[in-house]
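Got a minute to go through a model together? Here it comes, with a few questions on its side-chain pairs and domains.

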Amino acid sequence: MSRLIVVSNRVTQAASGKATGGLAVGVYDALRGSGGMWLGWNGEVAEDGAQIEVSHASHDGIDYCTFPLAKRDYDRFYRGFSNATLWPTFHYRADISSYQRKDYEGYLQVNRDFARRLAPLLKPDDIIWVHDYHLLAFGRFCRDLGIQNRIGFFLHIPFPGPEVFRTVPPNRELAQAMCAYDLLGFQTGADQQAFGDYCERYLQAQRAGNVLSLQGRLVRTGAYPIGIDPASVTEMSRANRSRQVVALKSGLADRKLIISVDRLDYSKGLVERFNAFEQLLEHGPGHRGAVSFVQIAPSSRSDVLGYKEIRRELERAAGRINGKWGELAWTPLRYMNRSYERSVLMPLLRASQVGFVTPLRDGMNLVAKEYVAAQPPDDPGVLVLSEFAGAAREMEDGALLVNPYDIEGMALTLDRALRMSLAERASRYESLMKRLRGYDLAKWRDTFLADLRDARQPRILPGDRAATELKAVGL
(Lines give C-alpha, C1' and ligand atoms only; values in the text may rest on other atoms or scores of the structure.)
Protein backbone atom coordinates (compact mmCIF):
# COMPACT_ATOMS: atom_id res chain seq x y z
CA MET A 1 0.00 0.00 0.00
CA SER A 2 1.29 3.45 -0.90
CA ARG A 3 2.57 5.71 1.86
CA LEU A 4 0.80 8.97 2.73
CA ILE A 5 3.13 11.97 2.79
CA VAL A 6 1.72 15.14 4.32
CA VAL A 7 3.40 18.49 3.72
CA SER A 8 2.32 21.63 5.58
CA ASN A 9 3.95 24.86 6.62
CA ARG A 10 3.95 23.97 10.33
CA VAL A 11 4.25 20.51 11.81
CA THR A 12 2.56 20.22 15.20
CA GLN A 13 2.48 17.13 17.36
CA ALA A 14 -1.22 17.49 18.14
CA ALA A 15 -0.86 14.42 20.31
CA SER A 16 0.48 16.80 22.96
CA GLY A 17 -3.17 17.76 23.53
CA LYS A 18 -2.77 21.49 23.04
CA ALA A 19 -5.67 23.17 21.28
CA THR A 20 -4.48 23.92 17.77
CA GLY A 21 -6.04 25.02 14.50
CA GLY A 22 -8.18 22.90 12.24
CA LEU A 23 -5.25 22.01 10.00
CA ALA A 24 -3.09 20.56 12.77
CA VAL A 25 -5.90 18.60 14.42
CA GLY A 26 -7.31 17.35 11.12
CA VAL A 27 -3.98 16.34 9.61
CA TYR A 28 -2.76 14.64 12.77
CA ASP A 29 -5.93 12.58 13.09
CA ALA A 30 -5.81 11.68 9.38
CA LEU A 31 -2.18 10.53 9.58
CA ARG A 32 -2.72 8.69 12.85
CA GLY A 33 -5.37 6.62 11.12
CA SER A 34 -3.21 5.66 8.16
CA GLY A 35 0.43 6.17 9.15
CA GLY A 36 2.96 7.98 7.01
CA MET A 37 5.26 10.99 7.05
CA TRP A 38 4.67 14.66 7.90
CA LEU A 39 7.16 17.24 6.62
CA GLY A 40 7.33 20.93 7.43
CA TRP A 41 8.63 23.77 9.59
CA ASN A 42 9.23 22.99 13.28
CA GLY A 43 8.38 26.52 14.44
CA GLU A 44 11.97 27.50 15.19
CA VAL A 45 13.80 30.42 13.54
CA ALA A 46 17.51 30.08 12.80
CA GLU A 47 20.06 32.78 12.13
CA ASP A 48 20.56 33.70 8.49
CA GLY A 49 23.39 31.66 7.01
CA ALA A 50 23.01 28.80 9.50
CA GLN A 51 23.00 25.26 8.14
CA ILE A 52 19.41 24.01 7.92
CA GLU A 53 19.12 20.32 8.77
CA VAL A 54 16.06 18.09 8.60
CA SER A 55 15.33 16.33 11.90
CA HIS A 56 13.53 12.99 12.06
CA ALA A 57 11.30 11.64 14.85
CA SER A 58 8.51 9.06 15.11
CA HIS A 59 5.36 9.08 17.23
CA ASP A 60 2.02 7.26 16.94
CA GLY A 61 3.11 5.68 13.66
CA ILE A 62 3.93 9.07 12.11
CA ASP A 63 7.42 9.98 10.91
CA TYR A 64 7.99 13.69 11.55
CA CYS A 65 10.52 15.41 9.28
CA THR A 66 11.01 18.97 10.43
CA PHE A 67 13.41 21.86 10.04
CA PRO A 68 13.75 25.50 11.13
CA LEU A 69 13.30 28.54 8.90
CA ALA A 70 16.05 31.09 8.50
CA LYS A 71 15.17 34.51 9.92
CA ARG A 72 15.06 36.04 6.43
CA ASP A 73 12.70 33.30 5.20
CA TYR A 74 10.49 33.64 8.26
CA ASP A 75 10.15 37.38 7.70
CA ARG A 76 9.44 37.20 3.98
CA PHE A 77 7.64 33.88 3.55
CA TYR A 78 5.69 33.62 6.81
CA ARG A 79 5.22 37.10 8.24
CA GLY A 80 5.30 38.68 4.80
CA PHE A 81 3.58 37.14 1.82
CA SER A 82 1.72 34.31 3.62
CA ASN A 83 0.23 36.32 6.47
CA ALA A 84 0.41 39.94 5.36
CA THR A 85 -0.80 39.31 1.79
CA LEU A 86 -2.55 35.98 1.32
CA TRP A 87 -4.29 35.58 4.68
CA PRO A 88 -6.12 38.94 4.68
CA THR A 89 -6.96 38.77 0.98
CA PHE A 90 -8.32 35.23 1.14
CA HIS A 91 -10.48 36.38 4.07
CA TYR A 92 -11.81 39.27 1.97
CA ARG A 93 -9.71 41.91 3.72
CA ALA A 94 -7.79 43.25 0.74
CA ASP A 95 -8.01 46.65 2.44
CA ILE A 96 -5.43 45.58 5.02
CA SER A 97 -3.34 43.38 2.74
CA SER A 98 0.28 44.41 2.24
CA TYR A 99 2.41 43.27 -0.71
CA GLN A 100 6.14 43.54 -1.30
CA ARG A 101 7.98 41.85 -4.13
CA LYS A 102 10.82 40.70 -1.88
CA ASP A 103 8.27 38.90 0.29
CA TYR A 104 6.85 37.09 -2.73
CA GLU A 105 10.35 36.10 -3.83
CA GLY A 106 10.92 34.73 -0.32
CA TYR A 107 7.62 32.84 -0.52
CA LEU A 108 8.67 31.14 -3.76
CA GLN A 109 12.12 30.35 -2.36
CA VAL A 110 10.68 28.60 0.71
CA ASN A 111 8.20 26.65 -1.44
CA ARG A 112 11.18 25.58 -3.58
CA ASP A 113 13.19 24.61 -0.48
CA PHE A 114 10.30 22.49 0.85
CA ALA A 115 10.24 20.58 -2.46
CA ARG A 116 14.01 20.04 -2.38
CA ARG A 117 13.87 18.67 1.15
CA LEU A 118 11.03 16.31 0.29
CA ALA A 119 12.47 14.90 -2.95
CA PRO A 120 15.16 12.60 -1.47
CA LEU A 121 12.69 11.17 1.07
CA LEU A 122 10.14 10.00 -1.51
CA LYS A 123 9.36 6.53 -2.77
CA PRO A 124 7.85 6.08 -6.26
CA ASP A 125 4.37 5.09 -5.06
CA ASP A 126 4.04 7.70 -2.28
CA ILE A 127 0.89 9.82 -2.29
CA ILE A 128 1.61 13.46 -1.38
CA TRP A 129 -1.00 15.61 0.36
CA VAL A 130 -0.11 19.30 0.65
CA HIS A 131 -1.95 21.67 2.96
CA ASP A 132 -2.89 25.32 2.93
CA TYR A 133 -2.05 28.74 1.58
CA HIS A 134 1.61 28.78 2.58
CA LEU A 135 2.38 26.19 -0.12
CA LEU A 136 0.35 27.23 -3.16
CA ALA A 137 3.47 27.04 -5.37
CA PHE A 138 4.97 23.89 -3.86
CA GLY A 139 3.51 21.54 -6.49
CA ARG A 140 5.08 23.53 -9.30
CA PHE A 141 8.56 23.15 -7.79
CA CYS A 142 7.99 19.42 -7.25
CA ARG A 143 7.25 19.07 -10.95
CA ASP A 144 10.34 21.13 -11.79
CA LEU A 145 12.39 18.57 -9.82
CA GLY A 146 10.87 15.74 -11.84
CA ILE A 147 8.63 14.40 -9.07
CA GLN A 148 5.88 12.36 -10.76
CA ASN A 149 4.02 11.18 -7.66
CA ARG A 150 0.35 12.03 -7.30
CA ILE A 151 0.16 15.36 -5.46
CA GLY A 152 -3.02 16.74 -3.97
CA PHE A 153 -3.54 20.12 -2.34
CA PHE A 154 -6.16 21.13 0.22
CA LEU A 155 -6.92 24.75 1.08
CA HIS A 156 -8.14 25.11 4.67
CA ILE A 157 -9.09 28.79 4.33
CA PRO A 158 -11.56 30.37 1.88
CA PHE A 159 -10.63 30.95 -1.75
CA PRO A 160 -11.80 34.47 -2.64
CA GLY A 161 -13.87 35.53 -5.62
CA PRO A 162 -11.89 36.21 -8.81
CA GLU A 163 -11.89 40.00 -8.47
CA VAL A 164 -10.65 39.79 -4.88
CA PHE A 165 -7.94 37.26 -5.79
CA ARG A 166 -6.76 39.59 -8.53
CA THR A 167 -5.76 42.15 -5.88
CA VAL A 168 -2.80 39.84 -5.11
CA PRO A 169 -0.32 41.15 -7.70
CA PRO A 170 1.16 37.76 -8.76
CA ASN A 171 -2.30 36.18 -8.97
CA ARG A 172 -1.80 34.66 -12.42
CA GLU A 173 1.49 33.02 -11.52
CA LEU A 174 0.04 31.63 -8.29
CA ALA A 175 -3.04 30.17 -10.01
CA GLN A 176 -0.88 28.59 -12.71
CA ALA A 177 1.36 27.10 -10.01
CA MET A 178 -1.67 25.63 -8.24
CA CYS A 179 -2.56 23.83 -11.45
CA ALA A 180 0.60 21.71 -11.07
CA TYR A 181 -1.32 19.66 -8.51
CA ASP A 182 -3.37 16.66 -9.62
CA LEU A 183 -6.24 17.48 -7.27
CA LEU A 184 -7.19 20.80 -5.69
CA GLY A 185 -9.49 20.49 -2.68
CA PHE A 186 -11.54 23.31 -1.16
CA GLN A 187 -13.72 23.54 1.93
CA THR A 188 -16.92 24.47 0.08
CA GLY A 189 -18.43 24.36 -3.38
CA ALA A 190 -18.35 28.16 -3.42
CA ASP A 191 -14.55 28.16 -2.97
CA GLN A 192 -14.18 25.53 -5.69
CA GLN A 193 -16.40 27.59 -7.99
CA ALA A 194 -14.41 30.77 -7.31
CA PHE A 195 -11.14 29.12 -8.33
CA GLY A 196 -12.68 27.62 -11.46
CA ASP A 197 -14.22 30.96 -12.41
CA TYR A 198 -10.85 32.68 -12.06
CA CYS A 199 -9.07 30.07 -14.20
CA GLU A 200 -11.72 30.26 -16.92
CA ARG A 201 -11.79 34.03 -17.00
CA TYR A 202 -8.13 34.95 -16.58
CA LEU A 203 -6.12 31.86 -17.58
CA GLN A 204 -8.40 30.81 -20.46
CA ALA A 205 -8.78 27.37 -18.92
CA GLN A 206 -11.54 25.05 -20.13
CA ARG A 207 -13.85 23.51 -17.55
CA ALA A 208 -16.03 20.42 -17.65
CA GLY A 209 -17.64 19.61 -14.33
CA ASN A 210 -14.86 19.39 -11.76
CA VAL A 211 -12.02 19.15 -14.29
CA LEU A 212 -9.97 22.07 -15.58
CA SER A 213 -7.76 21.96 -18.66
CA LEU A 214 -4.88 24.39 -18.78
CA GLN A 215 -2.08 24.22 -21.37
CA GLY A 216 -2.67 20.52 -22.01
CA ARG A 217 -2.82 19.63 -18.34
CA LEU A 218 -5.84 18.23 -16.50
CA VAL A 219 -6.50 19.39 -12.95
CA ARG A 220 -9.32 17.96 -10.87
CA THR A 221 -11.04 20.13 -8.25
CA GLY A 222 -13.47 19.26 -5.49
CA ALA A 223 -15.18 20.40 -2.30
CA TYR A 224 -14.17 18.41 0.78
CA PRO A 225 -15.54 20.00 3.95
CA ILE A 226 -13.24 18.92 6.77
CA GLY A 227 -14.97 17.05 9.57
CA ILE A 228 -14.25 15.94 13.11
CA ASP A 229 -14.35 12.65 14.99
CA PRO A 230 -17.62 13.25 16.89
CA ALA A 231 -17.30 10.13 19.06
CA SER A 232 -13.89 11.16 20.40
CA VAL A 233 -15.08 14.72 21.05
CA THR A 234 -18.11 13.41 22.94
CA GLU A 235 -15.94 11.08 25.00
CA MET A 236 -13.42 13.82 25.78
CA SER A 237 -16.18 16.22 26.82
CA ARG A 238 -17.45 13.72 29.40
CA ALA A 239 -14.13 12.57 30.81
CA ASN A 240 -12.41 15.65 32.18
CA ARG A 241 -12.69 16.82 35.75
CA SER A 242 -9.94 19.44 35.64
CA ARG A 243 -9.76 22.22 38.18
CA GLN A 244 -10.48 24.78 35.41
CA VAL A 245 -13.81 23.14 34.56
CA VAL A 246 -14.76 22.66 38.20
CA ALA A 247 -13.88 26.29 39.00
CA LEU A 248 -15.92 27.60 36.08
CA LYS A 249 -18.99 25.57 36.99
CA SER A 250 -18.83 26.59 40.64
CA GLY A 251 -18.45 30.23 39.66
CA LEU A 252 -21.45 30.12 37.34
CA ALA A 253 -23.88 28.96 40.03
CA ASP A 254 -27.22 28.80 38.14
CA ARG A 255 -26.18 31.18 35.38
CA LYS A 256 -26.24 30.18 31.74
CA LEU A 257 -22.97 30.19 29.79
CA ILE A 258 -22.14 31.49 26.32
CA ILE A 259 -18.76 30.28 25.07
CA SER A 260 -16.48 31.13 22.16
CA VAL A 261 -13.11 29.60 21.31
CA ASP A 262 -11.01 31.21 18.58
CA ARG A 263 -7.46 31.94 17.62
CA LEU A 264 -6.87 35.68 18.10
CA ASP A 265 -7.39 37.04 14.60
CA TYR A 266 -9.22 39.92 12.91
CA SER A 267 -11.08 37.42 10.69
CA LYS A 268 -12.87 35.85 13.66
CA GLY A 269 -15.29 38.73 14.35
CA LEU A 270 -14.31 38.99 18.00
CA VAL A 271 -14.98 42.71 18.42
CA GLU A 272 -18.39 42.39 16.77
CA ARG A 273 -19.15 39.44 19.07
CA PHE A 274 -18.28 41.45 22.19
CA ASN A 275 -20.50 44.28 20.96
CA ALA A 276 -23.39 41.87 20.39
CA PHE A 277 -23.09 40.53 23.93
CA GLU A 278 -23.07 44.10 25.22
CA GLN A 279 -26.29 44.80 23.32
CA LEU A 280 -27.83 41.63 24.79
CA LEU A 281 -27.24 43.06 28.27
CA GLU A 282 -28.29 46.56 27.22
CA HIS A 283 -31.67 45.55 25.80
CA GLY A 284 -32.33 42.39 27.84
CA PRO A 285 -32.40 43.27 31.53
CA GLY A 286 -33.43 39.72 32.36
CA HIS A 287 -30.04 38.44 31.21
CA ARG A 288 -28.06 40.68 33.55
CA GLY A 289 -26.60 38.55 36.28
CA ALA A 290 -28.14 35.46 34.68
CA VAL A 291 -25.68 34.76 31.87
CA SER A 292 -21.90 34.85 31.50
CA PHE A 293 -19.82 34.96 28.32
CA VAL A 294 -16.43 33.21 28.17
CA GLN A 295 -14.15 34.07 25.24
CA ILE A 296 -10.98 32.00 24.87
CA ALA A 297 -8.70 33.55 22.25
CA PRO A 298 -5.03 32.50 22.40
CA SER A 299 -2.60 34.75 20.59
CA SER A 300 -0.98 33.68 17.35
CA ARG A 301 1.20 35.51 14.86
CA SER A 302 1.70 38.16 17.53
CA ASP A 303 4.58 39.64 15.55
CA VAL A 304 2.44 40.11 12.42
CA LEU A 305 1.20 43.65 11.87
CA GLY A 306 -2.36 44.16 13.13
CA TYR A 307 -2.53 41.38 15.71
CA LYS A 308 -1.36 43.48 18.63
CA GLU A 309 -4.02 46.07 17.84
CA ILE A 310 -6.88 43.55 17.79
CA ARG A 311 -5.73 42.30 21.19
CA ARG A 312 -5.73 45.83 22.62
CA GLU A 313 -9.17 46.50 21.13
CA LEU A 314 -10.61 43.36 22.73
CA GLU A 315 -9.10 44.19 26.11
CA ARG A 316 -10.66 47.66 25.97
CA ALA A 317 -14.06 46.22 25.02
CA ALA A 318 -13.94 43.60 27.79
CA GLY A 319 -13.02 46.27 30.34
CA ARG A 320 -15.85 48.51 29.17
CA ILE A 321 -18.47 45.76 29.35
CA ASN A 322 -17.39 44.48 32.75
CA GLY A 323 -17.04 47.98 34.14
CA LYS A 324 -20.53 48.94 33.01
CA TRP A 325 -22.50 45.78 33.82
CA GLY A 326 -20.41 43.79 36.28
CA GLU A 327 -21.37 43.21 39.90
CA LEU A 328 -19.44 42.01 42.93
CA ALA A 329 -20.73 38.47 42.44
CA TRP A 330 -20.90 38.46 38.63
CA THR A 331 -18.38 39.13 35.88
CA PRO A 332 -20.33 39.33 32.60
CA LEU A 333 -17.43 38.66 30.21
CA ARG A 334 -14.37 36.57 30.86
CA TYR A 335 -11.77 37.11 28.15
CA MET A 336 -8.78 34.76 28.28
CA ASN A 337 -5.88 35.38 25.94
CA ARG A 338 -4.31 31.96 26.42
CA SER A 339 -4.58 28.41 25.10
CA TYR A 340 -6.08 25.38 26.80
CA GLU A 341 -5.68 21.69 26.10
CA ARG A 342 -8.49 20.10 24.15
CA SER A 343 -9.18 17.84 27.14
CA VAL A 344 -10.16 21.01 29.01
CA LEU A 345 -11.93 22.77 26.14
CA MET A 346 -14.32 19.96 25.27
CA PRO A 347 -15.87 19.81 28.79
CA LEU A 348 -16.12 23.62 28.74
CA LEU A 349 -18.08 23.38 25.49
CA ARG A 350 -20.32 20.73 27.04
CA ALA A 351 -21.02 22.94 30.08
CA SER A 352 -22.23 25.89 27.97
CA GLN A 353 -25.75 26.64 26.81
CA VAL A 354 -24.73 28.62 23.71
CA GLY A 355 -21.80 28.16 21.34
CA PHE A 356 -21.10 31.59 19.82
CA VAL A 357 -19.11 31.06 16.57
CA THR A 358 -19.27 34.18 14.40
CA PRO A 359 -16.23 34.69 12.17
CA LEU A 360 -16.37 37.41 9.54
CA ARG A 361 -15.04 34.79 7.12
CA ASP A 362 -13.77 31.27 7.76
CA GLY A 363 -12.84 28.29 5.64
CA MET A 364 -14.73 25.84 7.85
CA ASN A 365 -14.45 26.37 11.64
CA LEU A 366 -14.17 23.09 13.50
CA VAL A 367 -15.09 24.65 16.85
CA ALA A 368 -18.67 24.86 15.58
CA LYS A 369 -18.68 21.12 14.95
CA GLU A 370 -16.88 20.31 18.20
CA TYR A 371 -19.39 22.38 20.16
CA VAL A 372 -22.27 20.27 18.87
CA ALA A 373 -20.48 16.94 19.39
CA ALA A 374 -19.62 17.93 22.98
CA GLN A 375 -23.24 18.59 23.97
CA PRO A 376 -25.21 16.30 26.32
CA PRO A 377 -27.98 14.69 24.20
CA ASP A 378 -30.57 15.04 26.96
CA ASP A 379 -30.01 18.79 27.39
CA PRO A 380 -28.06 20.18 24.41
CA GLY A 381 -27.02 23.76 23.91
CA VAL A 382 -27.60 25.94 20.84
CA LEU A 383 -25.04 26.79 18.16
CA VAL A 384 -25.11 30.42 16.96
CA LEU A 385 -23.07 30.42 13.75
CA SER A 386 -21.90 33.00 11.22
CA GLU A 387 -23.30 32.51 7.74
CA PHE A 388 -19.79 33.29 6.46
CA ALA A 389 -18.20 30.24 8.08
CA GLY A 390 -17.76 27.28 5.75
CA ALA A 391 -19.51 25.14 8.36
CA ALA A 392 -22.72 27.12 7.81
CA ARG A 393 -23.29 25.31 4.51
CA GLU A 394 -23.51 21.99 6.35
CA MET A 395 -25.16 23.12 9.58
CA GLU A 396 -27.86 25.53 8.49
CA ASP A 397 -30.66 23.11 9.44
CA GLY A 398 -29.63 22.95 13.09
CA ALA A 399 -27.65 26.09 13.90
CA LEU A 400 -29.00 29.62 14.26
CA LEU A 401 -27.26 31.48 11.45
CA VAL A 402 -26.34 35.13 11.86
CA ASN A 403 -24.66 37.89 9.87
CA PRO A 404 -21.68 38.94 12.03
CA TYR A 405 -21.89 42.50 10.73
CA ASP A 406 -25.42 42.81 12.17
CA ILE A 407 -24.69 43.48 15.85
CA GLU A 408 -28.34 43.92 16.81
CA GLY A 409 -29.30 40.78 14.91
CA MET A 410 -26.68 38.75 16.77
CA ALA A 411 -27.93 40.08 20.12
CA LEU A 412 -31.50 39.09 19.23
CA THR A 413 -30.31 35.62 18.17
CA LEU A 414 -28.43 35.17 21.44
CA ASP A 415 -31.65 36.03 23.26
CA ARG A 416 -33.53 33.44 21.20
CA ALA A 417 -30.88 30.78 21.87
CA LEU A 418 -30.94 31.39 25.61
CA ARG A 419 -34.74 31.09 25.68
CA MET A 420 -35.08 28.11 23.33
CA SER A 421 -37.19 25.17 24.52
CA LEU A 422 -35.63 21.79 25.21
CA ALA A 423 -37.71 20.18 22.45
CA GLU A 424 -36.37 22.55 19.80
CA ARG A 425 -32.81 22.29 21.10
CA ALA A 426 -32.97 18.50 20.99
CA SER A 427 -34.37 18.49 17.46
CA ARG A 428 -31.65 20.82 16.20
CA TYR A 429 -28.97 18.79 17.97
CA GLU A 430 -30.10 15.53 16.36
CA SER A 431 -30.08 17.12 12.91
CA LEU A 432 -26.55 18.41 13.39
CA MET A 433 -25.20 15.18 14.84
CA LYS A 434 -26.59 13.21 11.91
CA ARG A 435 -24.52 15.37 9.59
CA LEU A 436 -21.38 15.19 11.75
CA ARG A 437 -21.54 11.41 11.91
CA GLY A 438 -22.27 11.06 8.20
CA TYR A 439 -19.32 13.15 7.06
CA ASP A 440 -16.64 12.88 9.72
CA LEU A 441 -12.87 13.30 9.63
CA ALA A 442 -12.26 9.81 8.29
CA LYS A 443 -14.74 10.42 5.48
CA TRP A 444 -12.98 13.69 4.60
CA ARG A 445 -9.60 11.98 4.47
CA ASP A 446 -10.75 8.90 2.60
CA THR A 447 -12.80 10.82 0.03
CA PHE A 448 -9.96 13.21 -0.78
CA LEU A 449 -7.32 10.48 -1.04
CA ALA A 450 -9.57 8.24 -3.14
CA ASP A 451 -10.12 11.10 -5.58
CA LEU A 452 -6.40 11.83 -5.63
CA ARG A 453 -5.57 8.23 -6.48
CA ASP A 454 -8.18 8.33 -9.26
CA ALA A 455 -6.92 11.62 -10.73
CA ARG A 456 -6.32 11.17 -14.45
CA GLN A 457 -2.91 10.48 -15.90
CA PRO A 458 -0.75 11.47 -17.68
CA ARG A 459 -0.38 14.82 -15.93
CA ILE A 460 1.21 16.58 -18.88
CA LEU A 461 -0.35 15.45 -22.13
CA PRO A 462 1.54 15.86 -25.42
CA GLY A 463 -0.15 16.46 -28.75
CA ASP A 464 -2.90 14.03 -29.73
CA ARG A 465 -2.97 12.37 -26.29
CA ALA A 466 -3.99 15.68 -24.79
CA ALA A 467 -6.89 15.99 -27.21
CA THR A 468 -8.00 12.42 -26.50
CA GLU A 469 -7.96 12.88 -22.74
CA LEU A 470 -9.74 16.23 -22.90
CA LYS A 471 -12.46 14.74 -25.07
CA ALA A 472 -12.91 11.92 -22.53
CA VAL A 473 -13.94 14.42 -19.84
CA GLY A 474 -16.04 16.52 -22.18
CA LEU A 475 -13.59 19.33 -23.00
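Q: Is Glu315 buried, partly exposed or exposed?
A: This is a predicted model, where local features need pLDDT of at least 70, side-chain atom pairs count only at pLDDT 80 or more, and totals for chains, interfaces and linings use all residues. Residues are numbered from 1 along each chain as its sequence is written, and side-chain values use heavy atoms, with hydrogens and water left out. Buried means under 20% relative accessible area and exposed over 50%, with partly exposed in between (1.4 Å probe, protein chains only). Glu315 comes out at 39%, so call it partly exposed.

Q: Which residue forms a salt bridge with Glu315?
A: A salt bridge here is a side-chain nitrogen of Lys or Arg within 4 Å of a carboxyl oxygen of Asp or Glu. The closest N and O atoms of this pair are 3.3 Å apart. The partner sits four residues away in helix 11, about one turn of the helix (helices are DSSP runs of H or I, at least four residues, numbered from the N terminus). It's Arg311.

Q: How many residues apart in sequence are the parts that Lys324 and Glu282 tie together?
A: Their side chains meet in a salt bridge, 3.0 Å from N to O. Lys324 lies in helix 11 and Glu282 in helix 10, so the pair links parts separated by 42 residues.

Q: How many salt bridges does the rule find across the interface of domain 1 and domain 2?
A: The structure holds 30 salt bridges. Across the interface of domain 1 and domain 2, though, the count is zero.

Notes
Helix = DSSP H or I, 4+ residues; strand = E, 2+ residues; numbered from the N terminus.
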